[in-house]
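Thanks for sharing this one with me. I have put some notes together for you to read alongside the coordinates.

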Amino acid sequence: MDALEYTIFSYSNEPIPILDSAIPLNTYVPLDLSKRNMALKAYDITDYRSCQSYIDTVLKKMDGNVAYGGYLEHRNLYANHKNFTHLGVPIRNIHLGIDYWCVSGTMVHVPLDGMVHSFRNNNVVGDYGPTIILKHFLDSHIFYTLYGHLSLDSLKGLFIGKVFKAGQSLSRLGTPDINVNYAPHLHFQVIKDLEGNQGDYPGVCSQERLTFYQKNCPDPNLLLKLKYPGLD
């Protein structure tokens, strides 16, 4: 853990809800979408309807409202998207953020003070759809958080430098037709260096690039402190 990661970890001793605060944290349940999950063989998770069916099964079984997880998961979720599987280019299938799967329209809250760095509708199938990136100053450190798969109206009224306070509503989860063909969820990612990107940053990487991206995109759970029972 480097100095920035320790600063992020030390920000709060308690879990931080990133979705609607009316949803109890004890109804957030872990979800495994990795290639090692044998239960997924009965589903085509590249189809958002089939993926949602599996998520609903997990939520019902565990009496949950939000399914979450995914940091550094090796997934088959992107197997039908050309921008992840170009011929001659290493396959990108390792997830760099945490996903929070919940019904479309659910509010997304800012976990700590920040300002709008950039935003964009990345509307290519398999991308993020509407996306917001916030810039944060914590002690002497600067870092960024990315929020993907949002609703279109989440981008209305935004401008570079707009300030958001911790706990303030930022956006809403988009529907599959807007979030570019995924079951409704929030992709949340912590980024140290945006490398010049605006309104976008890779959320999935190849095995060949994992060392770099794991360092540049630390586990968001350092900040949010939700547990991963059964997924270690």
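The points below cover the sheet first and then the helices around it.

1. Please keep in mind that this is a predicted model. Its sheet is open and has eight strands, ordered E1-E2-E4-E11-E8-E7-E6-E9, with mixed pairing. E1 and strand E9 (163-164) are the edge strands, each pairing on one side only.

2. At the E9 edge, strand E6 (residues 114-122) pairs with E9 in the antiparallel sense, over two bridges. There, Met 115 stands opposite Val 163.

3. Which strands does helix H1 (residues 3-10) lie across? They are strand E7 (129-138), strand E8 (141-148) and strand E11 (185-191), and H1 runs at about 65° to E8. H2 also packs on the sheet, where it touches E1, E2 and E4; the directions of H2 and E1 make about 110°.

4. The length of helix H2 (residues 48-62) checks out nicely: 15 residues at 1.5 Å a residue should span 21 Å, and the end C-alpha atoms are 21 Å apart, which agrees.

5. Ser 50, Cys 51, Tyr 54, Ile 55, Val 58 and Leu 59 are buried in H2. An α-helix has 3.6 residues a turn, so residues three or four places apart point the same way. The cover over the buried residues of H2 includes strand E1 (28-30), strand E2 (66-69) and strand E4 (98-101).

6. Both ends of H2 deserve a look. Asp 47 caps the N-terminal end, with a side-chain oxygen 2.8 Å from the backbone nitrogen of Arg 49. Just after H2, Asp 63 takes a positive phi of about 55°.

Technical notes: Residues are numbered from 1 along each chain as its sequence is written. This is a predicted model: local features need pLDDT of at least 70, side-chain atom pairs count only at pLDDT 80 or more; totals for chains, interfaces and linings use all residues. Side-chain values use heavy atoms; hydrogens and water are left out. Helices (H or I, at least four residues) and strands (E, at least two) are DSSP runs, numbered from the N terminus. The expected span of a helix is 1.5 Å times one less than its number of residues. Buried means under 20% relative accessible area, exposed over 50%, partly exposed in between (1.4 Å probe, protein chains only). Contact means heavy atoms within 4.5 Å. A polar contact is a pair of N or O atoms within 3.5 Å; within protein, one must be able to donate a hydrogen and the other to accept it, and residues adjacent in sequence count only if both atoms are side-chain atoms. Two strands pair if DSSP finds at least two bridges between them. Axes are lines fitted to C-alpha atoms, for helices over the stretch in contact, and angles run from 0 to 180 degrees between N-to-C directions.
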